[in-house]
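Thank you all for coming. I would like to take you through one chain this morning, going slowly from single residues to the way the helices pack, and I will ask a few questions along the way.

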Amino acid sequence: RQSSGSSGINAEYGVIKSMEPYSKKLGMDTWHYAKRCFLGLIENLAKHMIMVRDVVLHDCIQFLEHAELYGKNVECRIQPPLSAAAVHELQGKNTVTYEARLIKGLLLLVCDL
């Protein structure tokens with residue numbers, strides 16, 4: 001794949017670099033911003049609006065793997081009080097780790113990696 005010179009790619013690299021070190025900077029707010037950038041990238045790739053080099057995709061996947069590693073105890077969103085059954089159902093799904101895995105899966109699916 002070749003780069004299209006898209007500013008979206010620059011945004012992803014900016015997000016990746018600005019989150020280092022992940023252990024200190026990965027939080028609810030920073031993850032929200034990062035996942036929006038990655039979902040925008042995936043959407044544009046799925047619509048064939050942009051093409052990116054494989055090295056960029058591998059950097060994105062590596063970032064998402066780091067997010068999985070360091071995001072186990074980082075909540076994605078503030079949850080209102082729920083019933084015990086609803087809390088049990090959502091357990092483990094309100095973490096950066098869970099969402100990073102989903103986003104990585106989407107990226108791999110769209111890019112046929």
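Let me begin with a question: where is the place of Thr97? Before I answer, please keep in mind that what you have in front of you is a predicted model. Thr97 has its place in helix 6, and with a relative accessibility of 5% this threonine counts as buried, because the cut-off for that word is under 20% relative accessible area. What, then, does the side chain of Thr97 reach? A polar atom of that side chain lies 2.7 Å from the backbone oxygen of Glu68, and the side chain also reaches the backbone nitrogen of Lys72, at 2.9 Å. If we leave out residues up to four places away in sequence, the residues that Thr97 touches are Ala67, Glu68, Gly71 and Lys72.

Let me now step back to the whole chain. Along the sequence the pattern reads α-α-α-α-α-α, which is to say six helices and zero strands. The chain has 113 residues, and 35% of them are buried. Of the contacts with a separation of 6 or more, 72% are between residues 24 or more positions apart.

That brings me to the interior. Which residues touch the most other members of the largest nonpolar core? In that core, which has 28 residues, they are Trp31, Leu45, Phe63 and Leu107. At least two residues of this core come from each of helix 1, 7-18, helix 3, 28-46, helix 4, 54-70, and helix 6, 96-111.

Take Trp31, which lies in helix 3 and is buried, with a relative accessible area of 0%. Setting aside residues up to four places away in sequence, Trp31 touches Met19 and Leu26, then Phe63, Leu64 and Ala67, then Cys76, and finally Val96, Glu99, Ala100 and Ile103. I would draw your attention to Glu99 in that list, since Trp31 and Glu99 are 68 residues apart in sequence, yet their C-alpha atoms are 9.6 Å apart in space. Is Glu99 buried or exposed? Glu99, which is found in helix 6, is buried, with a relative accessible area of 12%. Besides Trp31, Glu99 touches Lys35, Cys76 and Arg77, again not counting residues up to four places away in sequence.

Leu107 is another of the core residues I named a moment ago. With residues up to four places away in sequence not counted, Leu107 touches Ile42 and Leu45, and also Leu57, Cys60, Ile61 and Leu64.

Let me turn to the packing of helices. Two packed helices are described by the angle between their axes and the distance between the axes. For helix 3 and helix 4 the angle is about 145 degrees and the axes are 13 Å apart, and the crossing of these two helices is left-handed. Which residues meet there? From helix 3 we have Trp31, Ala34, Phe38, Leu41 and Leu45, and these meet Leu57, Cys60, Phe63, Leu64 and Ala67 in helix 4. The residues of this contact divide into 10 nonpolar, no polar and no charged.

Staying with helix 4, I would like to look at Tyr70, which has its place in that helix and is partly exposed, at 39% relative accessible area. Leaving aside neighbours within four places in sequence, Tyr70 is in contact with Tyr22, Ser23 and Leu26. For the last of these, Leu26, the C-alpha atom is separated from that of Tyr70 by 7.4 Å, although the two residues are 44 residues apart along the chain.

I will finish with two points of backbone geometry. What kind of peptide bond joins Glu20 and Pro21? The bond is cis, with omega about -10 degrees, and Pro21 lies in the loop between helix 1 and helix 2, which is 22-25. The other point concerns His48, in the loop between helix 3 and helix 4, where phi is near 60 degrees, a positive value in a residue other than glycine. His48 is exposed, with a relative accessible area of 71%.

I would be glad to take questions.

How values were computed: Residues are numbered from 1 along each chain as its sequence is written. This is a predicted model: local features need pLDDT of at least 70, side-chain atom pairs count only at pLDDT 80 or more; totals for chains, interfaces and linings use all residues. Side-chain values use heavy atoms; hydrogens and water are left out. A nonpolar core is a set of buried Ala, Val, Leu, Ile, Met, Phe, Trp, Tyr and Cys residues joined through side-chain atoms within 4.5 Å. Buried means under 20% relative accessible area, exposed over 50%, partly exposed in between (1.4 Å probe, protein chains only). Helices (H or I, at least four residues) and strands (E, at least two) are DSSP runs, numbered from the N terminus. Contact means heavy atoms within 4.5 Å. Axes are lines fitted to C-alpha atoms, for helices over the stretch in contact, and angles run from 0 to 180 degrees between N-to-C directions. A crossing is left-handed if the near helix is turned anticlockwise from the far one by less than a right angle, and right-handed if clockwise. Ala, Val, Leu, Ile, Met, Phe, Trp, Tyr, Cys and Pro count as nonpolar, Asp, Glu, Lys and Arg as charged, and the others, Gly among them, as polar. A polar contact is a pair of N or O atoms within 3.5 Å; within protein, one must be able to donate a hydrogen and the other to accept it, and residues adjacent in sequence count only if both atoms are side-chain atoms.
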